[in-house]
Amino acid sequence: MSGAFSLLESWQIPCTRFFSRTYQFSRGCYEMQRPTKRQTLFFCRNMQTVICEVVNASYVPTSQTKPKKLPMVMPSVDIFHSALRKAKRVLPTKGIANIAKRERNRGAKQLDALMKELAVPLRGYIENFPKRMYLHPYERSLIELTLGDGNYEEVLKKVDALRKKVVSVGKEHASLCAKSLSKKEAEEQLTEGLEKLQEIFKCEGQAVDDLVYIAKTLRAMSVVDLEMPTLCLVGAPNVGKSSLVRMLSTGKPEVCNYPFTTRGILMGHITINFQHFQVTDTPGLLKRCDEDRNNLEKLTLAVLSHLPTAILYVHDLSGECGMSPSDQFMIYKEIRERFDNHLWLDVVSKCDLLQESPVVFITEDGEADHLELAKYRKIGPEGAIHVSIKSEKGLNELTNKVHELLMAQMGRIRSKKIQDNIEVA
């Protein structure tokens, strides 16, 4: 009895109070504590969203942030079967003696219940998936490159269209059922309404299943703090970026001896003097114009364009990566000029494989080079740190330089925030 009483008592407990009270029963005194109400846990993935206003065709973040949680999306078949089970349990209003009236009341209430059980979760999906216009530019780029340009908004529009159709058809058949003149007609209208809603969900429910895939894809993405100082490793494919990420941070990207091992943005973290920093491993860049780049390369450019990154550019002059030093030099010059406002650190990897004479691919003319490229082939960019994961050469120097670079990047971000606050004031 005490357990049952405790359960009933906890049902009406205020969420911020805790009581201890003594109750008198037939066999003695029982001291019972009312349990506090705990917060509900939501197994959702947070998306950082920033409300931006358009100024001169550019997105300017406002002071108001709008956190979003991705809802758990059920497959369309599960949504319909769950809704149908709940609707069939709805009983007619008590006290109706006339059989025909009772039957049409039951049919109308069941159709209305089915319509609501289908429409409510669809409306929740539409409201809780973040709107594209509120997303941070980096998140917009990430969604477009991962899901396809416009596919995210198109799926949400189809889900909304499905919801509207369900509401329209459900209300129509509930009204027809309520106007039935006999028990048989009411049963027929109920059956017809249930079949119609099932047909709609069967034909157009693919939009919900597409939304299930989108939610799964978004949850699988690396969590990126959009304002945390970030070290971004950039370079051609297979130059050793992933190995350096594993050495420098907590990140554990796949390391294999073939190009484009990294198929997305992979994150690691560094803690320096109780300050936390991010490290990103990005897909490699090839020598070609932006129009010809694949989505993996565009992800790399999106990170550099939209996140507060310091760049660690990795070069491989040993020939092991499969790209000639001259092609790497051309990519390096392009990225360096495009992102010249970023803090920068150059690293020549696999230095244990470097030979006295520079590597010249068969497609290159080793004698027709200009001076800067000839120097690059031998030692890399001026001031570059030569490292080797295998022999551990230069790793301590690299670690110290990375720490200095990230602290400088944090100073930049703080200065920018102070300046923005002064301008707003």
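**Figure 1. Tyrosine 332 and tryptophan 344 in the predicted model, both of them buried.** In this predicted model, the rings of tyrosine 332 and tryptophan 344 form an edge-to-face aromatic pair, with 6.1 Å from centre to centre and 70° between the planes. Tyrosine 332 belongs to helix 10 (residues 325–338) and tryptophan 344 to strand 11, so the pair ties together parts of the chain that are twelve residues apart in sequence. Tyr332 and Trp344 are also members of one aromatic cluster, which is completed by Tyr313, Phe329 and Tyr376.

**Figure 2. The aromatic pair of phenylalanine 129 and tyrosine 152.** A search of the whole structure finds seven aromatic pairs. In the pair formed by phenylalanine 129 and tyrosine 152, the ring centres lie 6.5 Å apart and the planes meet at 55°, so the pair is classed as tilted, a term that applies here because the angle is neither under 30 degrees nor over 60. Phenylalanine 129 is found in the loop between helix 3 (99–128) and helix 4 (137–147), whereas tyrosine 152 is part of helix 5 (residues 151–178), so that the contact between the rings ties together parts 23 residues apart in sequence. Phenylalanine 129 counts as buried, at 0% relative accessibility, and tyrosine 152 is likewise buried, with a relative accessible area of 2%.

**Figure 3. The nonpolar cores.** The largest nonpolar core holds 92 residues, and the members that touch the most others are Phe129, Leu218, Leu231, Ile335 and Leu398. Helix 5 gives the most to this core, contributing ten residues. A second core, separate from the largest one, consists of six residues, among them Leu317, Phe329, Leu373 and Tyr376; of these, Phe329 and Tyr376 also belong to the aromatic cluster that contains Tyr332 and Trp344.

**Figure 4. The open sheet of six strands.** The strands are arranged in the order 8-9-7-10-11-12, and their pairing is mixed. At the edges of the sheet are strand 8 (266–272) and strand 12 (385–386), each of which pairs on one side only. Strand 10 (residues 309–315) and strand 11 (residues 344–348) pair in the parallel sense over five bridges, and in this part of the sheet histidine 315 stands opposite valine 348 of strand 11.

**Figure 5. Strand 7 and its two parallel neighbours.** Strand 7 runs parallel to strand 9 (residues 275–281), to which it is joined by four bridges, and leucine 233 stands opposite aspartate 281 in strand 9. Strand 7 is also parallel to strand 10, with six bridges between them; there, cysteine 232 has isoleucine 311 as its bridge partner. Six of the six residues of strand 7 (residues 230–235) are buried, so this strand is largely enclosed by the rest of the structure. Thr230, Cys232 and Val234 point one way from the strand, while Leu231, Leu233 and Gly235 point the other way, and all are buried.

**Figure 6. The chain as a whole, for orientation among the close-up views.** The chain contains twelve helices and twelve strands, and buried residues make up 43% of its 425 residues. Among contacts between residues at least 6 apart in sequence, 69% join residues at least 24 apart. The accessible surface of the chain comes to about 24,500 Å², and carbon and sulfur atoms account for 52% of that surface.

Note on methods
Residues numbered from 1 in each chain as written. Predicted model: local features only at pLDDT ≥ 70, side-chain atom pairs only at ≥ 80, totals over all residues. Heavy atoms only, no water. Pairing = 2+ DSSP bridges. Buried < 20%, exposed > 50% of the residue type's maximum accessible area, 1.4 Å probe, protein only. Contact = heavy atoms within 4.5 Å. Areas by Shrake-Rupley, 256 points an atom, 1.4 Å probe, with all protein chains shown as cover. Phe/Tyr/Trp six-rings, centres within 6.5 Å; stacked < 30°, edge-to-face > 60°. Core = buried A, V, L, I, M, F, W, Y, C linked by side-chain atoms within 4.5 Å.
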